Amino acid sequence: MADLIIRSAEIIDGTGKPAFAADVAIDGERVTAIGDLAGLSAREQIDAEGLTLAPGFIDAHTHDDRAILEGAPRMLCKLSQGITTVVVGNCGISLAPVAFDRRPPAPLDLLGDERWWTFDSFAAYAERLAATPPAVNAYALIGHMPLRYEAMRGDTARAATPAEIAHMKARLDRALEQGASGFSTGLWYVPSKEAGTDEVIELARGLSKHGAIYTTHLRDEGDAVEAAVEEALLIGRDAPAPVVISHHKCTAPENFGKSRTTLAMIDAAAARNPVGLDAYPYSASSTTLRPDLVRPNIRACIAWSVPYPEFVGRDLADIAREWNLPLAEAAQRLLPAGAVYFSMDEGEVQRILSHRLTMIGSDGLPHDERPHPRLWGAFPRVLGHYVREVGLFDLPTAVHKMTGLTAATFGIADRGVLREGAYADLALFDARRIADRADYDEPTRLSAGIIATWVNGRLAYREDRGVTGYCAGRLIRRSRLC
Ligand code: ZN
Ligand code: CU
């Protein structure tokens, strides 16, 4: 007698192999049987004829450090996409281990003001997750920026001294002992851009003893993207540590086409050291508003602004015209603020998504007033738009990029594959109907076609009822065995 049997589903198991029809039994938090289970009964049964059952999706790139602390309804944006695990602490930005008594500097404020910056150790953050479990599983990275602010006492517009680097390294080491799984940088951002490659290599040298991973928002995603990829690969090789290049892209028209080179560099490096990358399925990006980087040939739409909330959703160029100011000055006046930038080429997006090592990561910004639609739609957009409509790759390949590949890259054991003994993180969806509905005009519209999502064997979401309220997620950590 199983707890649950999902009958006659098309199984896509996450390994990339073709779909097959089978029944799946779940007991407690694990999948206990897959096959023809006609002889087995269960407390609850679901007829999934015509539907697809896959491992719950792993969002390889999120900024959900705070959102996972805010309860199940907050995670509707993830559960409604079939996401059951999120990687937090990306781009050098993590909620631990540093506390602030005033609004933290950008881009740390993407996660909220000082009310959220209370975790001065990773242990404190992990304790909070244990005390009030999240609705999805979380895999945590430690960001370079919190380490830098803490070690340099706010005086960060310079290279760190050897003593400061040693201090950061000790803090990182502690956090990895306390349940974090890796280290992330955002070398494009202030203050991390002041850190030379040497600083990052020295910190990354602390990873191998924990079997931990290195992820990076590259120092440059435009004119110098090749050099930035080279730097990331060098850091991984020297540490040594597996490397993940975050939200890979080549921005601005003069750089379109460079992904041919960067992907070839990644392929060559991957032959020697584990390398991965993630991408989101859109040709616009989103982050803080940077006055030094706004330019007339890239449209920027305001996602949030503390002093001017009334301008949210408007184009920076319009606002600048209205104020009779140059773009950079208008941007300066809107700070602190965030924006959506229409800066990429669709052909590049498709080439990067198609690469064999590319995982799907939303890079969603859950606290933006008017978020980039990737927050609500990234995963269904890949399965609907790119698989069914564009035919970029087949469904098992798409699912692999959201599950098995991601679990293997990050070292997540017993998840990301649908097999007997694995955790029952599951996404049940209708492959004919799955689609993203969020767009730039209505960025928080719910996706269609995810019928149900289970986290650790507990039903977390149903399309016809919304979130169930169960918070069955937990902090998970990198396994050396993967
Ligand atoms: Zn980033
Ligand atoms: Cu990011």
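**A zinc and copper pair, paired strands and internal cavities**

The zinc ion (ligand 1) and the copper ion (ligand 2) lie 3.0 Å apart, and both are coordinated by Cys91. Cys91 lies in the loop between E7 and H2, whereas His247 lies in the loop between strand E11 (243–245) and helix H7 (259–270), so this pair ties together parts that are 156 residues apart in sequence. The model described here is a predicted one, and the values given below were computed from its atoms.

Around the zinc ion (ligand 1), the protein donors are Cys91 through SG, His217 through ND1 and His247 through NE2, at distances of 2.0 to 2.2 Å from the ion. Along the chain, these donors of the zinc ion (ligand 1) follow the spacing C-x125-H-x29-H. With a relative accessibility of 2%, Cys91 counts as buried because the cut-off for that class is under 20%. His247, for which the relative accessibility is 2%, also counts as buried.

The copper ion (ligand 2) has as its protein donors His61 (NE2), His63 (NE2), Cys91 (SG) and Asp363 (OD), which are found 2.1 to 2.4 Å from the ion. In sequence terms, the donors of the copper ion (ligand 2) are spaced as H-x1-H-x27-C-x271-D. The angles subtended by the four donor atoms around the copper ion (ligand 2) run from 85 to 167 degrees, and the arrangement is therefore irregular. His61 is placed in the loop between strand E6 (57–59) and helix H1 (76–79), and Cys91 in the loop between strand E7 (83–88) and helix H2 (122–131), so that the pair ties together parts that are 30 residues apart in sequence. Both of these donors, His61 and Cys91, are buried.

Attention turns next to the strands at the start of the chain. Strand E1 (residues 2–11) and strand E2 (residues 20–27) run antiparallel and are joined by six bridges, with Ile6 having Val24 in E2 as its bridge partner. E2 also pairs in the antiparallel sense with strand E3 (residues 30–35), in this case over five bridges, and the bridge partner of Asp23 in E3 is Gly35. The connection between E2 and E3 is a hairpin with two residues between the strands, and Gly28 in the turn has a positive phi of about 60 degrees.

The interior of the model was also examined for enclosed space. Three cavities of 30 Å³ or more were counted, and the largest cavity holds about 60 Å³ of space. The lining of the largest cavity consists of His248, Lys249, Cys250, Ala279, Tyr280, Tyr282, Met344, Glu348, Val349, Ile352 and Leu353. Helix H10 (residues 346–354) supplies the largest share of this lining, namely four residues. By class, the residues that line the largest cavity comprise eight nonpolar, one polar and two charged.

The second largest cavity contains about 40 Å³ of space, and the residues that line the second largest cavity are Leu233, Arg237, Val243, Ala269, Arg272, Asn273 and Val275. Four nonpolar residues, one polar residue and two charged residues make up the lining of the second largest cavity.

Key:
Residues are numbered from 1 along each chain as its sequence is written. Chains are lettered from A and ligands numbered from 1 in the order in which they are written. This is a predicted model: local features need pLDDT of at least 70, side-chain atom pairs count only at pLDDT 80 or more; totals for chains, interfaces and linings use all residues. Side-chain values use heavy atoms; hydrogens and water are left out. Donors are N, O and S atoms within 2.8 Å of the metal (3.2 Å for Na, K and Ca); water is not among the atoms, so sites may look incomplete. Four donors count as tetrahedral if all angles lie between 85 and 135 degrees; four count as square planar and six as octahedral if opposite donors are over 155 degrees apart and all others between 65 and 115; anything else is irregular. Buried means under 20% relative accessible area, exposed over 50%, partly exposed in between (1.4 Å probe, protein chains only). Two strands pair if DSSP finds at least two bridges between them. On a 1 Å grid over the protein atoms alone, a cavity is a set of points where a 1.4 Å probe fits but cannot get out, and a pocket is an open set with protein on both sides within 12 Å along at least five of seven lines; lining residues have an atom within 4 Å of a point. Grid points are joined across faces, edges and corners, and a volume is the space filled by probe spheres set on the points. Ala, Val, Leu, Ile, Met, Phe, Trp, Tyr, Cys and Pro count as nonpolar, Asp, Glu, Lys and Arg as charged, and the others, Gly among them, as polar.
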